[in-house]
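User: Please take a close look at one helix and its packing. I would like its length, its buried side and its partners, and then any unusual backbone geometry elsewhere.

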Amino acid sequence: MASTLKIKVNGLVHSVTASLDTPLLYVLHNELHLHGPRFGCGLAQCGACSVLLDGKEIRSCVTPVAAVSGKQITTLEGLPALWAKERGTTSGLPGLHPLQQAWIDVQVPQCGYCQNGMLIQAADLLSTTKNPTDEQIRTAMNGHLCRCGTHMRVLEAIKRAAAVMAKGGK
Amino acid sequence: MTGLLHEQEFSRKTFLRGGGAIIVGFSMLGAGLAGTARADGAAFPLVDPSQLDSWLSIDSAGHVTAFTGRVDQGQGKETAYGMTVAEELDVPFSSVTVVLGDTLRAPNQGKSTATNGITTGLPPLRNAAAQARQTLLGLAATQLGVDVSQLSVSNGVVSGGGKSASYGQLIGGKRFNVTMGVTGSSAGFADPGFPYPAYSGATTSLNVVPTAPVKDPATYKLVGTSVPRVDIPDKVTGKYTYTQNIRLPGMVHARMVMPPFVAAYPKVVPQLVKVKGFKTPQPGVQIVQKNNFVAVIATEEYRAIQAASELVTEWAADPALPNLGNINDVMRHSPNNVFTPTDSIKVTGSGFSPTAGKLLTARYDFPHTYAGMIGPPNAVASWDANSGLMTIFTGLQNPPQARADTAAMLGLPLEKIRVIQSEQASQFGRGGADDVAPAAAFLSMQVGKPVRLQWMRHDEHVWAPHMPGMTQNISATLGSNGLITSWYNEGWAPAAGWDIGYTLPQLLLGNANGLPHGTSGASTPGSYAIPNQQIVGHTIDPPVRPMYMRTVAGIQNTFIQESFMDELAAAAGVDPIQFRLNHLTDQTNVLTPVGVAILQAAQQLSGWQTRPSPAPRTNGPVLSGRGIGLSLSTSCCIAQIAEVEVTRKTGAVRVKRISVVAQLGTLVHPDSTMAQLQGGAIMSLSRAIKDEVIFGKNQITSADWVTYPIVRFRDLPDTIDIKILSPTAADNGSIAKWTKVPNGGLGEPSSIAVPAAVGNAVFDATGVRLRSTPFNPARVRAAMKAAGVA
């Protein structure tokens with residue numbers, strides 16, 4: 001049975017209609033028409049659906065929408081604003097998150113389907129670990145699958161972004 | 001035809017851009033979604049490849065749109081094609097947009113597989129652009145009153161004799177109306193009995209003949225540089241529109257309810273299912289059932305997902321299904337496929353003789369593997385009963401197949417169906433059969449609304465067509481000089497794929513009509529100078545629905561042959577690379593010097609220690625070793641070297657480093673080449689140490705990423721080192737010199753030799769020979785125990 005509830009996504013409060021057990025992914029996808037989180041497995045095995053919930057990576061394909069009320073969801077689309085907030089810059093249009101810029105500079109994606117989850121997980125990692133070692137990065141990212149084999153470039157891009165973010169984005 | 005919809009009204013980028021814009025975009029287009037019903041009734045006419053206008057259009061602002069029937073899977077084709085058009089036309093790269101795979105707007109160039117994106121996908125665009133430039137120069141000559149010989153082009157502006165005119169001024173939105181010669185368009189493979197053979201048989205080598213020459217590669221300014229890929233920024237910001245993001249007004253959601261067993265061969269299958277109804281009430285959910293095709297439809301996506309799992313169905317098992325549990329043994333005892341009743345037997349010299357030297361014999365196996373779409377296939381179809389038109393949004397590798405199969409399945413003319421391509425998760429061959437487009441179309445017809453059909457993870461893992469495995473016997477004799485004196489290789493495998501007429505919805509509805517094509521079983525040992533060969537291939541009935549997957553049988557044959565070469569090298573007491581060099585002696589084979597150059601470069605790149613395998617035995621808990629795999633083809637020559645550490649106690653194989661040396665032709669976009677070599681090595685690593693479809697009695701039981709594990713970040717090597725050798729005319733390594741095709745391709749070759757390299761490295765480390773993949777800890781431990789090494 002559908003309910004109307006409010007969820008906060010990328011800084012905005014949205015009123016959505018869904019049954020309370022609907023996984024967040026389908027609400028973000030079908031109600032809010034967001035392109036970031038996407039269906040990969042529905043089993044929390046691959047990470048394609050990842051979003052940040054109060055800054056921590058979760059699998060939106062198994063998280064019921066009722067569980068996110070009162071919390072902040074950040075999707076791929078919201079990373080620029082998230083970074084602007086972390087830097088304290090609120091005027092003007094936010095530039096890309098350093099991870100997104102690094103992803104472009106290193107030309108990470110091939111088909112790109114898994115990259116939403118990669119970027120979200122990397123954002124989670126770098127928000128808590130300023131200079132992660134290669135080992136820490138591999139472990140943090142281990143829950144995200146990629147079949148095109150972009151892994152080595154993902155590692156390189158995370159390291160580049162970490163360096164930029166450590167300098168405050170300069 | 002393409003000229004009816006002005007490019008700016010229906011630019012793919014415009015209507016596919018971000019968020020809810022897809023709906024807004026369509027309402028702006030007017031006739032777009034419902035189809036441009038022309039007075040003559042041909043709403044979606046076939047695109048005439050002889051017309052220059054079918055390939056290119058230029059608007060009044062000078063913006064160029066190129067149309068290709070090929071599609072991108074993330075390899076960077078969209079960028080490479082745009083660069084080529086910009087180069088030939090002398091326009092800025094930023095002024096070119098490429099439309100891929102829309103059957104209304106682009107010529108039918110067949111499927112986008114077989115490492116053909118550049119080798120055959122690119123040339124018609126290159127030629128069309130050269131033709132367009134020539135035509136535009138002619139227009140300028142007339143308009144400016146200046147002889148063509150006095151004209152030059154820069155940034156889309158033609159100048160000469162003190163005057164100039166831009167492309168936009170010269171043609172601006174008008175048609176070229178130039179007819180070109182067409183080659184390669186006759187039926188590629190005949191499917192007798194299948195409707196639309198000419199359309200479905202359109203070859204991938206379709207090309208057009210320009211009256212002006214294409215540019216000399218020595219003059220390239222753009223091609224050969226690594227322009228940032230045009231699709232990456234949107235993929236990184238969340239603006240990119242995948243098929244998954246397509247939303248149409250009034251759209252409903254569908255989920256399949258699949259049979260509990262797998263079947264392969266197109267034959268008339270009686271109705272095996274009884275649909276009993278839902279376990280718990282599902283108000284508003286519709287059930288669609290016809291023969292063995294069962295689906296549920298709901299207005300909300302999650303309702304459809306839940307309803308599919310709540311639907312009670314009873315299935316009678318097909319009595320003809322074999323017990324698939326020991327699948328490779330099943331294959332050895334399978335009869336030949338009816339279309340390949342005769343075994344393929346190739347004999348050279350005096351054939352194989354077991355007494356022609358020291359005899360080695362082995363059985364090798366490679367499992368069925370799954371392509372591994374990270375997001376399962378999905379499509380959106382919209383049936384307009386008033387106009388009788390079907391519009392389908394899909395994203396697999398074969399838009400013409402999706403169109404032809406939908407037409408055949410629903411009894412519609414081709415001209416009533418439009419397939420519009422967007423990207424999905426990359427498919428590596430699995431997309432050769434679009435299972436969702438015809439099914440979504442069928443459902444839309446049934447319910448009278450646009451339908452989005454999404455396969456779930458278990459649907460895809462179990463019911464996707466899989467790359468068949470391979471089982472082989474291989475023998476050779478070694479002469480006293482350490483050279484191979486005769487060679488025997490016999491194998492059993494199904495042909496890898498049906499391209500047309502054999503999608504899952506057609507199978508379930510009972511009107512599959514595809515034919516297998518190709519042979520399989522065993523292949524000749526490449527470029528090695530081995531006299532006296534006997535190669536026997538049994539192309540058998542497929543036990544489950546087959547489809548080619550990256551390298552087709554290449555990775556398997558390379559694993560088997562390169563592992564056996566390694567066994568022979570060890571028996572001869574010769575270093576593995578030296579042993580291969582000793583057999584690369586046929587100077588009449590153009591690949592021989594390339595193979596030599598690659599092996600020498602690979603030795604250097606990896607710091608290869610020249611000595612026989614296995615490495616001297618050590619007693620520690622971890623054993624180290626190195627191994628090589630080599631593959632030589634006119635598309636791409638490649639050597640991959642693996643350095644491994646094997647943990648004695650657990651059998652865990654850790655690949656510490658992969659070194660790759662490759663040579664192909666002129667690179668269009670070097671960074672994409674590197675990305676393919678990196679990605680191919682990783683996917684190939686997964687097929688060495690993880691990938692395996694698991695069979696139960698008559699079902700596939702590897703149904704998700706836990707039961708079908710693939711390589712993860714923690715499985716990666718420390719580094720992947722890559723060297724690309726450039727062909728030069730002088731070293732006889734030029735692709736252009738051998739094949740008259742200036743570019744090679746490496747979508748598949750990049751993924752071909754790592755299992756061989758890893759298996760050989762494990763042998764080097766442990767002295768234990770692995771003759772089947774995957775090299776997971778349980779198998780490696782068992783093999784080491786059996787050899788007394790654990």
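Analyst: What follows starts with one helix, moves to its neighbours and ends with some backbone details.

The model is predicted. The part in focus is helix 6 of chain A, residues 151-166.

Start with its length. Helix 6 of chain A has 16 residues, and at 1.5 Å a residue these should span 22 Å. The end C-alpha atoms are 22 Å apart, so expectation and model agree. After the helix comes A:G168, with a positive phi near 75 degrees.

Next, burial. At the start of helix 6 of chain A, A:H151, A:M152, A:R153, A:V154 and A:L155 are buried. Further along, A:A157, A:I158, A:A161, A:A162 and A:M165 are buried too. An α-helix has 3.6 residues a turn, so residues three or four places apart point the same way. That spacing is worth keeping in mind when viewing the list.

What do these buried residues pack against? Within chain A, the partners are helix 2 (79-87), helix 3 (98-105), helix 4 (115-128) and helix 5 (134-141). Chain B contributes helix 18 (670-689) and strand 26 (719-725). The buried residues of helix 6 of chain A thus have partners in both chains.

Take helix 3 of chain A in detail. Two packed helices are described by the angle between their axes and the distance between the axes. The axes of helix 3 and helix 6 of chain A come within 8 Å and cross at roughly 135 degrees. The two helices are therefore oblique to each other. Their crossing is right-handed. From helix 3 of chain A, the contact uses A:P98, A:L99, A:A102, A:W103 and A:D105. From helix 6 of chain A, it uses A:V154, A:A157, A:I158, A:R160, A:A161, A:V164 and A:M165. By class, the residues of this contact are 10 nonpolar, no polar and two charged. Several of the helix 6 residues here are also on the buried list, including A:V154, A:A157 and A:I158.

Helix 3 of chain A also meets helix 4 of chain A. Their axes come within 10 Å and cross at roughly 130 degrees. This pair is therefore oblique. Helix 3 of chain A passes helix 4 of chain A in a right-handed crossing. A:L99, A:Q100 and A:W103 of helix 3 touch A:Q115, A:M118, A:L119, A:A122, A:A123 and A:L126 of helix 4. The residues of this contact divide into seven nonpolar, two polar and no charged. A:L99 and A:W103 take part in both helix 3 contacts, with helix 6 and with helix 4 of chain A.

Now the backbone elsewhere. Where are the cis peptide bonds listed here? One runs from B:S613 to B:P614, with omega near 0 degrees. B:P614 sits in the loop between helix 17 (591-606) and strand 23 (622-631) of chain B. Another runs from B:T773 to B:P774, with omega near -5 degrees. B:P774 belongs to the loop between helix 20 (754-766) and helix 21 (777-786) of chain B.

Positive phi also occurs at residues that are not glycine. A:H33 has a phi of about 55 degrees. A:H33 lies in the loop between helix 1 (24-31) and strand 3 (50-53) of chain A. Its relative accessible area is 25%, so A:H33 is partly exposed. B:T551 has a positive phi of about 90 degrees. This residue is in the loop between strand 22 (533-540) and helix 15 (554-572) of chain B. B:T551 has 8% relative accessibility, so it counts as buried.

Methods: Residues numbered from 1 in each chain as written. Chains lettered and ligands numbered in written order. Predicted model: local features only at pLDDT ≥ 70, side-chain atom pairs only at ≥ 80, totals over all residues. Heavy atoms only, no water. Helix = DSSP H or I, 4+ residues; strand = E, 2+ residues; numbered from the N terminus. Expected span 1.5 Å × (residues − 1). Buried < 20%, exposed > 50% of the residue type's maximum accessible area, 1.4 Å probe, protein only. Contact = heavy atoms within 4.5 Å. Axes fitted to C-alpha atoms, helices over the stretch in contact; angles between N-to-C directions. Parallel < 35°, antiparallel > 145°, perpendicular 65-115°, else oblique. Left-handed = near helix turned anticlockwise from the far one by under 90°. Nonpolar A, V, L, I, M, F, W, Y, C, P; charged D, E, K, R; others polar.
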